[in-house]
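Please take a moment with the sequence and the model below. We will walk through them together, one topic at a time.

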Amino acid sequence: MVKTFTSHRLLLSFVFITCHLSLITSSAQVGEHRNDMAIGFNGGMVLSNVGFLPKVPQSMHQGLTGGLSLRYTCEKYFTSICAVTAEVNYAQIGWKENILTPEDEPVINPASGLPEEYQRDMTYVQMPVFARLGWGRERRGLQFFFQVGPQVGFFLSEKTKMNFEWEKRTPVYANGTGRTSSIVAQDTMAVEHKLDYGIAGGMGLEFSHPKLGHFLLEGRYYYGLGNIYGDTKRDYFALSNFSNIVVKLTYLFDLKRTKNPNIK
């Protein structure tokens with residue numbers, strides 16, 4: 001309960017900060033005013049895992065992500081270009097288990113003679129909202145940017161990939177052979193909490209052309225503050241939160257641009 005309460009407070013704090021920065025940048029007249037609106041689409045790869053407690057040995061799950069992007073640029077304060085960005089993305093995330101022996105070798109299932117493999121594929125609609133700062137060119141040339149803010153996700157579906165029968169899996173033997181981990185409850189548990197939420201942040205480069213639009217390359221990290229399974233004392237897992245690493249390309253075209261010949 002303490003962890004859940006702390007997570008909620010942290011998320012609300014980031015939401016407040018993002019909204020506060022948005023209001024400041026949209027209303028303050030200290031810097032050079034902007035009223036630029038751009039829309040477009042994005043796509044890339046997402047590497048994910050789930051932070052289980054008790055711990056489950058994993059490698060990174062690979063999936064695709066893509067969707068719509070929206071950006072409102074409101075001010076240039078000294079050299080910092082202030083904006084608010086939002087996305088609606090379809091994302092393939094989940095976890096992939098490392099089923100190993102004490103010698104760090106793959107576990108060979110006696111029934112099939114193959115290394116045991118388990119992967120959970122899950123699809124979400126993810127909606128991040130960022131406060132963004134950029135430095136460089138706005139209309140023609142390169143710009144470096146950093147952005148951070150809250151993200152919520154809505155569970156759509158899940159699918160399990162495994163090459164062994166659950167009843168015939170290799171157990172952890174008392175003599176130190178077999179699996180190194182006895183934590184297998186997650187393999188048969190469906191998602192309990194359909195809403196995911198957390199904090200995302202990233203940085204990247206943007207190339208702009210006055211006629212072609214904006215081309216962005218970004219690396220992003222997401223840390224989930226919610227759990228996919230129950231986390232009370234009666235539940236098996238105390239933690240089951242997502243971590244995502246995203247690399248994506250985004251293309252934006254201008255719907256509205258500030259009329260100012262001094263903007264470069």
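What follows is a tour of strand pairing, cavities and salt bridges in this model, which is a predicted one.

Let us begin with strand E1, since E1 will come up again when we reach the cavities. E1 covers residues 32-53 and E3 covers residues 61-77. The two strands run antiparallel and are joined by 15 bridges. If you would like a landmark for this pairing, find methionine 37, which has tyrosine 72 of E3 opposite. E1 also pairs with E9, again in the antiparallel sense, over 17 bridges. Here a handy landmark is phenylalanine 41, whose bridge partner in E9 is tyrosine 251.

Now for the spaces inside. The structure holds 4 cavities of 30 Å³ or more, and the largest has a volume of about 140 Å³. Its lining is made up of 14 residues, and those closest to the centre are Asp36, Arg71, Thr73, Glu138 and His214. Which elements give two or more residues to this lining? They are strands E1 and E3, and E1 has the largest share, with 3 residues. The make-up of the lining may catch a biochemist's eye: 8 of the residues are charged, while 3 are nonpolar and 3 are polar.

The second largest cavity has a volume of about 120 Å³. This cavity, too, is lined by 14 residues, and Thr85, Glu87, Gln147, Leu216 and Thr250 lie nearest its centre. E3 contributes here as well: E3, E4 (80-97), E6 (141-162), E8 (213-224) and E9 (239-256) each supply at least two lining residues. By class, the lining of the second largest cavity has 5 nonpolar, 4 polar and 5 charged residues.

With charged residues in mind, we can turn to their contacts. Side chains of opposite charge can pair when their charged atoms come close. A search of the whole structure finds 12 salt bridges, and three of the pairs are worth a visit here.

One pair consists of arginine 34 and glutamate 32, with the closest N and O atoms 3.3 Å apart. Are these partners buried or exposed? Arginine 34 counts as buried because its relative accessible area is 1%, under the 20% cut-off. Glutamate 32 has a relative accessibility of 43%, so it counts as partly exposed.

Another pair is glutamate 206 with arginine 132, whose side chains meet at 2.5 Å, N to O. Why does this salt bridge tie together parts that are apart in sequence? Glutamate 206 lies in strand E7 (residues 195-209) and arginine 132 lies in strand E5 (residues 118-136), so the pair links parts that are 74 residues apart in sequence. Glutamate 206 is buried at 1% relative accessibility, and arginine 132 is buried at 4%.

Our last pair brings together arginine 220 and glutamate 218, with 2.8 Å from N to O. Both of these residues are buried. The pair also belongs to a wider group, as salt bridges with shared partners join Glu87, Glu218, Arg220 and Lys248 into one network. You have met one of these names already: Glu87 is among the residues that lie nearest the centre of the second largest cavity. To see both topics in one view, start from Glu87 in that cavity and follow the network to Glu218, Arg220 and Lys248.

Conventions: Residues numbered from 1 in each chain as written. Predicted model: local features only at pLDDT ≥ 70, side-chain atom pairs only at ≥ 80, totals over all residues. Heavy atoms only, no water. 1 Å grid on protein atoms, 1.4 Å probe; cavity = no way out; pocket = protein on both sides within 12 Å on 5 of 7 lines; lining within 4 Å. Points joined across faces, edges and corners; volume = space filled by probe spheres on them. Helix = DSSP H or I, 4+ residues; strand = E, 2+ residues; numbered from the N terminus. Nonpolar A, V, L, I, M, F, W, Y, C, P; charged D, E, K, R; others polar. Salt bridge = Lys/Arg side-chain N within 4 Å of Asp/Glu carboxyl O. Buried < 20%, exposed > 50% of the residue type's maximum accessible area, 1.4 Å probe, protein only. Pairing = 2+ DSSP bridges.
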